[in-house]
Amino acid sequence: MKLLLGLALLASSGFAAQPAARIKIDTDRRIGEVNPLLFGNFAEHLGRVIYGGIYEEGSKLADRDGYRLDVLKATQELGVSVLRWPGGNFVSGYNWKDGIGPKDLRPARPDYAWGGIETNRFGTDEFLKYCERVKTEPYICINAGLGSIEDARNWVEYTNGSKKTYWAELRRKNGREQPYGVKYWGLGNELDGPWQMGHKNAEDYAKFALEAGKAMRWIDPSIKLIASGSSNFGPNADWIGWNRTVLAATKNIIDYLSLHTYIGNRENDFERFLANGQNVDHYIEVTEGLIKAAQSGQENPRPIYIAYDEWNVWYRARGGAAGAPVGLEEVYNYEDSLAMGMFFNSFFRHANIVKMANLAQLVNGIAPIFTNKDGMFLQPIYFPIAEYSKQGGNVAIDTLVTAPTYKVGARKPVNYLDVSTTFDQKTGTLFVNVLNRSQKDAITARVENVVGQIGGELQVWEMNHSDLKAVHTFGDDRKVRPVSKVVTVGVSGNGFEYTFPKASLTVLRVKVR
Ligand code: AHR
C-alpha cells in the first residue's frame, strides 16, 4: 500500500515521463476560412509546362483538342482550384492577340524570357477551355512589362464582354459565344525584379497598375484584381518599400497583393531548409501590417488579401529536356515533399489574410507532374498538396505549440514541430497537420482540445521515408508515397499522446466529442 502511494505521489509530482511537446487546440479561436483558392497552381509558357505538358498536339495521350488526358486527370486529382497563366516572366513580353484565331495563322515569336520560340498554338481560348475541363478557376496575369493598358482592357473585353463590341465579337467569331467570365486578373508579374522585361520602380508600377485596373474594371466591374507585390527579397531590395508604395496607390481598387517565395537546400542542411517557414511567416505578417497601415484611417476599407501566387522549392534545375533551352525540370525528392507541408502550415496559420496561393508550377517545370511522350509520373511533392487540398473550406484554428527548438544562424529559435490545425464544422473533425523537422528524433506530443474531448480513433495520413533524397522517375513512382491508417490512442482528460516520426509529415483527423 505504502509503495503504491509512493508511486502515485511520484507520478503526480512530475517524475512520470512527460511528452516533449504540447499541441493545445481551442476550436473557439478561429483564424479564418481555409480558402479553397489556397490550392492553386501556375502554368507558364516555359520549357515543357504548356507544350509537352498540358498540351501536346498529335500525341497518342492527347484528345482532339490537344489536351494531354493523363495530365488532365492528375491535375483534377491534385485538387487544383485556380490556375494562373500565362506567366511569370513570360507574360511581360507576351502579346495575347498573337494567341487567338486560327492556329495556323498565329505568329511564332521569340520567347525573350526563357529562350526558344513561342508558337502561340496555345492561347487564351485553349487556356480557358482547359480550365473548364479541369473545373478550376482561371487566373490571367496581364502584361505590365512591355504591354499597354489598352491591351489589358481589350483582353478583358475578349474574355468577358457580353455586348456586341469588337473584341467580344472576335471571341464569338473564334467559336465561343458565351463570355468566359474570368474573375481573377493579375496586374503584372514581378515588376520589382531587374530580370523582368519592362522592370519598373515602385511608383511607375503602382501608377500603371492603378490605371490598368481602372480600365479593366470599366469593362467588367465584377473582376478581382491582384497587384504585383514584392518577389525580390534580396539584400539590396527594398521589398517593404515596394509593397508600401503599391498599396498606397492601389488600395481602393485591388483585392489582393501577391507574394512570391522559392526556397532551396543548397547547403544540404535538412533542418535549416525546413526552417524557411520562419521567413514565409515573416513575409506574410509584415505584408499584413503594411495592408493595415495603408488602410488606417479609412472607416470601411476595401478588403485586401495576400495571394501567394508563386511558391515552391526551386534551386537545382535550369536546363530542360533535349531541345528545350530552359525547362526548370527540377527532380523533387522526399525532403522537398515535407516543404509542401511547411508552406501550407504557414498559409493556414495566416488564413485570415492569405486567401489565394499558387504552387509554381503544374507540369514538368518545377512541378508535381512530370511527362515524356509516352507517359507521366507523380513527383513526391504531389502527395502532400493533394492531401492538404482536402482541407479547403475548413476553419483554421489558432494553436499553441510548445516543443523542443533549434536555431538557424542568428534567428530566433524555431520549433521542431511545425503545426497547423483546421476544423471541419460539418463533420466535427479536427485536422492536425504536423511537420517534424528533427532529422534525428521522433517527438511525442500531447494533443489536447480546450473545447470538447478528442482522442480514441485517429485517421492518420503520413509521409515518412528513410532516404531524404529519394526521388521518383518513369515506371518507379511508388516508393515515396503517403500511408493512411487508423490508429487508436488512449484518451486522457481532453487529449491524447502521439509520436511524430523524425523527418516526417503527418495529418491527424480526429472527431471532437
Ligand atoms: O516560376 C518561374 C519564374 O519564377 C516565373 O516566371 C517568375 O515569375 C519567377 O521568378
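Here are some questions and answers about this predicted model.

User: Which residues make up domain 1 of the protein chain?
Analyst: The domain assignment splits the chain into two domains. Domain 2 covers 35-392. Domain 1 is built from two stretches, 2-30 + 397-512.

User: How far apart are the C-alpha centres of domain 1 and domain 2?
Analyst: The two domains do touch, with 39 residues of domain 1 in contact with 37 residues of domain 2. Their C-alpha centres, though, are separated by 33 Å.

User: How much area do domain 1 and domain 2 bury between them?
Analyst: Carbon and sulfur atoms carry 59% of that buried area. The total that the two domains bury between them is about 3,200 Å².

User: Which residue pairs with Asp-418 in a salt bridge?
Analyst: Side chains of opposite charge can pair when their charged atoms come close. Across the interface of domain 1 and domain 2, the rule finds 3 salt bridges. For Asp-418, the N to O distance in its salt bridge is 3.0 Å. The partner is Arg-349.

User: Which elements give two or more residues to the side of domain 1 that touches domain 2?
Analyst: Between domain 1 and domain 2 there are 24 residue pairs in polar contact, counting pairs with both residues at pLDDT 80 or more. On the side of domain 1 that touches domain 2, the residues divide into 19 nonpolar, 10 polar and 10 charged. The elements that give two or more residues to that side are β17 (417-424), β18 (429-436), β20 (456-464) and β23 (504-511).

User: What is the distance from an oxygen atom of the ligand to an N or O atom in the side chain of Glu-44?
Analyst: The residues around the ligand include Phe-42, Glu-44, Trp-114, Glu-190 and Gln-361. For the side chain of Glu-190, an N or O atom is 2.7 Å from a ligand oxygen. For the side chain of Glu-44, the distance is 2.6 Å.

User: Where is Gln-361, and what is omega for the peptide bond leading into it from Ala-360?
Analyst: Gln-361 is one of the residues around the ligand, and an N or O atom of its side chain is 3.0 Å from a ligand oxygen. Gln-361 sits in the loop between β11 (354-360) and β12 (369-372). The bond from Ala-360 to Gln-361 is cis, with omega near 5 degrees.

User: Which residue is joined to Gly-88 by a cis peptide bond?
Analyst: Gly-88 is also among the residues around the ligand. You'll find Gly-88 in the loop between β3 (82-85) and β4 (109-110). Omega for the cis bond is about 15 degrees, and the residue joined to Gly-88 is Gly-87.

User: How many residues apart are Arg-133 and Asp-65?
Analyst: A search of the whole structure finds 39 salt bridges. In the one formed by Arg-133 and Asp-65, the closest N and O atoms are 3.8 Å apart. Arg-133 is in helix α3 (residues 124-134), while Asp-65 is in the loop between β2 (40-42) and α2 (69-78). So this pair links distant parts of the chain, 68 residues apart.

User: What is the phi of Leu-328?
Analyst: Leu-328 lies in the loop between β10 (305-313) and α10 (334-349). Leu-328 is not a glycine, yet its phi is positive, at about 50 degrees.

How values were computed: Residues numbered from 1 in each chain as written. Predicted model: local features only at pLDDT ≥ 70, side-chain atom pairs only at ≥ 80, totals over all residues. Heavy atoms only, no water. Domains from an automatic or database assignment. Contact = heavy atoms within 4.5 Å. Buried area = accessible area lost by both parts, 1.4 Å probe. Salt bridge = Lys/Arg side-chain N within 4 Å of Asp/Glu carboxyl O. Polar contact = N/O pair within 3.5 Å; in protein donor to acceptor, adjacent residues only side chain to side chain. Helix = DSSP H or I, 4+ residues; strand = E, 2+ residues; numbered from the N terminus. Nonpolar A, V, L, I, M, F, W, Y, C, P; charged D, E, K, R; others polar. Near = heavy atom within 4 Å.
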